[in-house]
Amino acid sequence: MPSKLLESCLTLADTVEHQAGVLGLVRNGDAELVRLCHEFRRSCREIAGNRGIERITLAFTGPKNSGKTCLLSQFVRAEGVRKRLRVGYARAEATEKTTWVGPEPPADLRPEYEAHIHCSENEMEAIGFPYTLVDVPGLNEADEGRAKAARRALDNALIKVFVVAQREMEDKAVFQYLSRADGSLILPVINFVREEPSSGDVEGFRERLRTFVPHAEVMSPVLIPDLGLSGDGDDSRAVSSSPEMAVSLRKAIGEAAGFSRMGDVPRSQLLQTLRRFQEEVSALVTAQLPASRRALDALREFERSLPRETLGHLLEPESVFRAGVRQRLRTVFLQRTPYAFFPWRLVLVLANLLHGALERVPLALMGSVPSFVSSAFAAARNLRDARRFSQGVQGGIRDYVESAVKEKITPGMRDLEFALNRELGTEAESSAGRSEELEVTVTGLENLQARSSGIFQRAVETWAPSRPAAILYGLCGFLIFWGFFAWPVYGLYLDFFQAVRDTIAGGEGVSGNFPAAPFGMLGTSLLLALLPMGFFMLVTLSVLVRPGRVTECVDEIRREHDEAVAELVQSGLLTVKVEQPRLDACMYLINLPSERIDG
């Protein structure tokens with residue numbers, strides 16, 4: 001017997017009751033949900049244990065007046081047992097109780113709705129395996145107790161003999177008697193056959209059965225002729241007790257049981273009972289909480305968009321990101337500039353540091369205190385933005401993602417809480433308390449960080465000034481600076497060598513002419529050389545790292561980042577899961593049909 005599956009089913013019933021308690025559905029002992037769980041446990045135990053009967057159970061079911069009991073009697077040899085069966089078509093003679101026929105009664109027999117007729121194994125026809133017969137009355141019984149007993153018997157029976165009259169073959173309403181038969185073995189019997197139907201009609205009837213119970217094993221129908229054609233009364237419709245017909249029916253059941261590998265049938269029936277339970281719980285919760293269901297659907301739809309909505313905006317804030325990209329473009333430009341271009345490369349470092357205040361540097365050098373202060377503040381701001389951007393690129397975005405998700409999903413959570421409290425009649429708890437219970441789990445963030453880092457590096461390498469451009473502009477700046485500064489240095493060296501020659505030649509007073517206030521001259525020359533080179537650098541940076549170029553680089557990074565997020569989300573490598581007890585309970589119960597269990 002499928003003990004592992006049975007254990008999983010019982011655990012599922014316990015979980016459903018627990019989640020219903022978390023949600024508040026059973027705070028007053030909600031009878032409907034508790035009843036469903038109780039019935040599910042009972043059905044599972046009875047299917048797995050066959051209600052204590054160590055024989056295969058054959059249930060005869062179908063519409064009233066279809067000849068079920070008369071067919072069942074063909075499996076009984078004892079005349080005394082046959083007489084106790086209620087064979088007939090008048091209402092007073094029809095089967096009312098679910099009747100068990102066999103050596104032992106089922107466990108938990110309810111005498112008011114069920115009956116047991118003792119019949120030893122020797123008094124029953126041999127069909128190749130030990131069995132117990134069940135005569136099931138019509139499931140359209142007005143008495144709820146009798147209908148429930150009939151459903152229990154059908155749940156328990158491994159083989160269902162579905163008996164219909166030929167005139168009812170086209171009536172889809174007769175299939176209601178198999179509403180709980182999915183997953184078992186079904187042997188259709190077409191009774192009272194006056195004109196043998198075509199093979200197409202018979203096969204069509206079988207296919208309609210398969211459509212109605214897709215997980216059941218439907219055998220080829222057995223045709224039972226009506227041998228009482230001459231009569232006009234109800235009694236004339238009784239099926240013949242022809243030995244040939246009885247043997248044919250018993251043979252069909254014996255072959256069906258052997259073909260179906262009966263050990264697999266209980267597992268299949270358990271699975272279908274599980275499926276019905278899941279659907280019934282979901283339908284019940286949805287019916288009791290319609291507004292909550294709508295709020296939950298809206299919340300889950302928003303949750304599915306959270307990875308793209310949240311992770312797609314990790315490059316914010318815009319100002320910090322643009323500053324970081326601009327800084328990286330300038331850094332690459334600096335790295336591609338040869339060290340030999342002094343002091344062009346040194347001034348380029350200062351220009352990167354003082355971005356946004358370069359136009360105030362000349363004024364600061366000429367003694368403007370406001371320009372000096374604003375330049376210092378710009379340098380501090382650029383350093384801060386670069387540090388923040390570096391931290392975002394290197395990591396530390398998990399906290400940001402989790403806090404952003406909580407912030408975005410909180411309004412939807414409030415709507416769900418309001419709907420639940422209104423429909424359950426519970427008092428609303430504080431939103432702060434609910435927010436504390438909200439947990440956000442992000443998986444696969446490392447994959448996104450690795451992809452984003454690669455995307456950023458490729459985009460920066462693509463949009464940064466090329467090495468030839470860095471060499472060309474660096475050479476121009478180098479020549480501009482030394483074109484101004486080389487002449488005073490050259491003249492200073494000429495005076496130096498002249499003083500050395502005069503000293504060696506023994507000239508008097510000549511050495512006193514060197515140095516003759518060189519620092520003022522060099523300082524003035526340095527300023528005169530730096531100014532044109534600085535203006536050329538402003539033009540160079542404005543051209544090579546212009547705002548449009550930064551924008552194009554930012555757009556490319558964002559586009560590829562969004563594509564990477566979409567790809568990772570679609571492949572399941574990047575997920576954002578939001579957990580909160582009542583949210584999880586509501587989601588679990590409503591989506592129970594899709595829940596997978598072990599076994």
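About 29,600 Å² of this chain is exposed, and carbon and sulfur atoms supply 56% of that area. Keep in mind that this is a predicted model. Of the chain's 599 residues, 47% count as buried. The secondary structure comes to 20 helices and ten strands. As for how the chain packs against itself, take the contacts with a separation of 6 or more: residues 24 or more positions apart account for 81% of them.

**Salt bridges**

How many salt bridges does the chain have? The count comes to 24. Three pairs are worth a look, and here they are with their closest N and O atoms.

| Pair | Closest N and O atoms |
|---|---|
| D14 and R41 | 2.9 Å |
| D155 and R276 | 3.5 Å |
| R210 and E207 | 2.7 Å |

Start with D14 and R41, which form a salt bridge. D14 sits in helix α1 (residues 3-23) and R41 in helix α2 (residues 31-49), so this pair ties together parts that are 27 residues apart in sequence. The two ends sit in different burial classes: D14 is partly exposed because its relative accessible area is 44%, while R41, at 14% relative accessibility, counts as buried.

D155 and R276 make another bridge, with 3.5 Å between the closest N and O atoms. The pair links distant parts of the chain, with D155 in helix α5 (residues 144-156) and R276 in helix α8, 121 residues apart. Buried or exposed, for D155? At 3% relative accessibility, D155 counts as buried. R276 counts as buried too, with 10% relative accessibility. The cut-off for that label is under 20% relative accessible area.

R210 and E207 bridge within one helix: both lie in α6 (residues 199-212), three residues apart, or about one turn of the helix. An α-helix has 3.6 residues a turn, so residues three or four places apart point the same way. R210 counts as partly exposed at 31% relative accessibility, and E207 is partly exposed as well, with a relative accessible area of 35%.

Beyond single pairs, there's a network of salt bridges linking E39, R42, E46, R51, D108, E114, K148 and R152.

**Cysteines**

How many disulfides are there? The count comes to zero. A disulfide is a covalent bond between the sulfur atoms of two cysteines. As for individual cysteines, C70 is buried, with a relative accessible area of 9%, whereas C476 counts as partly exposed at 30% relative accessibility.

**Two helices, α8 and α19**

Back to helix α8, which spans residues 265-288 and also holds Q272. Q272 is buried, its relative accessible area being 7%. What does Q272 touch, once residues up to four places away in sequence are set aside? Its contacts are D182, G183 and H215.

Helix α19 covers residues 547-570, which makes 24 residues, and reaches 34 Å from its first C-alpha to its last, close to the 34 Å expected at 1.5 Å a residue. Its buried residues mix nonpolar and charged side chains: V550, V554, I557 and L568 are among them, and so are R549, E556 and R558. The rest of the buried set is C553, H561, A564, V565 and A566. After α19 comes G572, which has a positive phi, near 80 degrees.

**A loop residue and a surface patch**

E121 is in the loop between β3 (114-118) and β4 (131-135). With a relative accessible area of 47%, E121 is partly exposed. Leaving aside neighbours within four places in sequence, E121 is in contact with R55, P103 and P130. For P103, the separation from E121 is 18 residues in sequence and 6.3 Å in space, C-alpha to C-alpha.

Which residues form the nonpolar patch on the surface? They are Y493, F496, F497, V500 and I504, with about 510 Å² of accessible area together. Y493 belongs to helix α17 (residues 467-505). At 48% relative accessibility, Y493 counts as partly exposed, and membership in such a patch needs over 30%.

Note on methods
Residues numbered from 1 in each chain as written. Predicted model: local features only at pLDDT ≥ 70, side-chain atom pairs only at ≥ 80, totals over all residues. Heavy atoms only, no water. Patch = residues over 30% accessible without salt bridge, like charges linked within 9 Å, V, L, I, M, F, W, Y side chains within 5 Å. Areas by Shrake-Rupley, 256 points an atom, 1.4 Å probe, with all protein chains shown as cover. Salt bridge = Lys/Arg side-chain N within 4 Å of Asp/Glu carboxyl O. Helix = DSSP H or I, 4+ residues; strand = E, 2+ residues; numbered from the N terminus. Buried < 20%, exposed > 50% of the residue type's maximum accessible area, 1.4 Å probe, protein only. Disulfide = S-S within 2.5 Å. Expected span 1.5 Å × (residues − 1). Contact = heavy atoms within 4.5 Å.
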